[in-house]
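I sat down with a fresh page and a structure I had not opened before. Here is what I looked up, in the order I got to it.

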Amino acid sequence: MPTRHTPESIVIADTPAAILEWAARHIEHVGIHQGTRLFAGPGRTATLPCWPRGALEVAAGHGRGAADRTYDWDRIDLARVQAFAILAETLTGHPVAADDPAAKALHREAIDRWSSEPGRTAADAAHAFRTAAARAEHALF
């Protein structure tokens, strides 16, 4: 059964490539906003962020799980960490210190720095997610 890429879906992707594709569709749906307008506009709430890092979190299940479903959160969390790493690498053009104990923070910083560049669009973000998803399909984690 294919993953339903909608903000309301209770299906949660559990591979880096699927998370990145879901995030691409999410950002296309809600758009991208920067600064004080991060949660502005129709359909945007605290659990439906309008920025690339937020889209990844939503894609990995943040605020979307259903109480009557069982999720493999360990698998989902590992895939989320891997999705962050491959997106950061895609955006910077080089590995982002994957062996560093602070790697998660470095990945988020690289994504946030890219996201905050003036003029960044939802189309830019969706393209970056899909480029990273294609790379993730062939990555050995």
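These notes cover one short helix, then one residue, then a pair of helices. I'm keeping in mind that this is a predicted model.

**Entry 1: helix α2.** I started with α2, residues 52-59, and asked how many of its eight residues are buried. I got seven, so α2 is largely enclosed by the rest of the structure. I wrote down the buried ones: P52, R53, G54, A55, L56, V58 and A59. Next I checked what covers them, and found that the cover includes α1 (16-30), α3 (73-92), α4 (103-115) and α5 (122-138). I also looked just past the end of α2, where G61 has a positive phi of about 105 degrees.

**Entry 2: E89.** I moved on to E89, which sits in helix α3. Is E89 buried or partly exposed? Its relative accessibility is 25%, and buried means under 20%, so E89 counts as partly exposed. Leaving out residues up to four places away in sequence, I found E89 touching H94, P95, V96 and R135. I also checked E89 against A110, 21 residues apart along the chain: their C-alpha atoms are 8.5 Å apart.

**Entry 3: α3 against α5.** The E89 and R135 contact sent me to this helix pair. The axes of α3 and α5 come within 9 Å and cross at roughly 115 degrees, and the crossing is right-handed. From α3 the contact uses I86, L87, E89, T90 and L91, and from α5 it uses A128, F129, T131, A132, R135 and A136. Sorting these by class, I noted seven nonpolar, two polar and two charged residues.

Definitions and conventions. Residues numbered from 1 in each chain as written. Predicted model: local features only at pLDDT ≥ 70, side-chain atom pairs only at ≥ 80, totals over all residues. Heavy atoms only, no water. Buried < 20%, exposed > 50% of the residue type's maximum accessible area, 1.4 Å probe, protein only. Helix = DSSP H or I, 4+ residues; strand = E, 2+ residues; numbered from the N terminus. Contact = heavy atoms within 4.5 Å. Axes fitted to C-alpha atoms, helices over the stretch in contact; angles between N-to-C directions. Left-handed = near helix turned anticlockwise from the far one by under 90°. Nonpolar A, V, L, I, M, F, W, Y, C, P; charged D, E, K, R; others polar.
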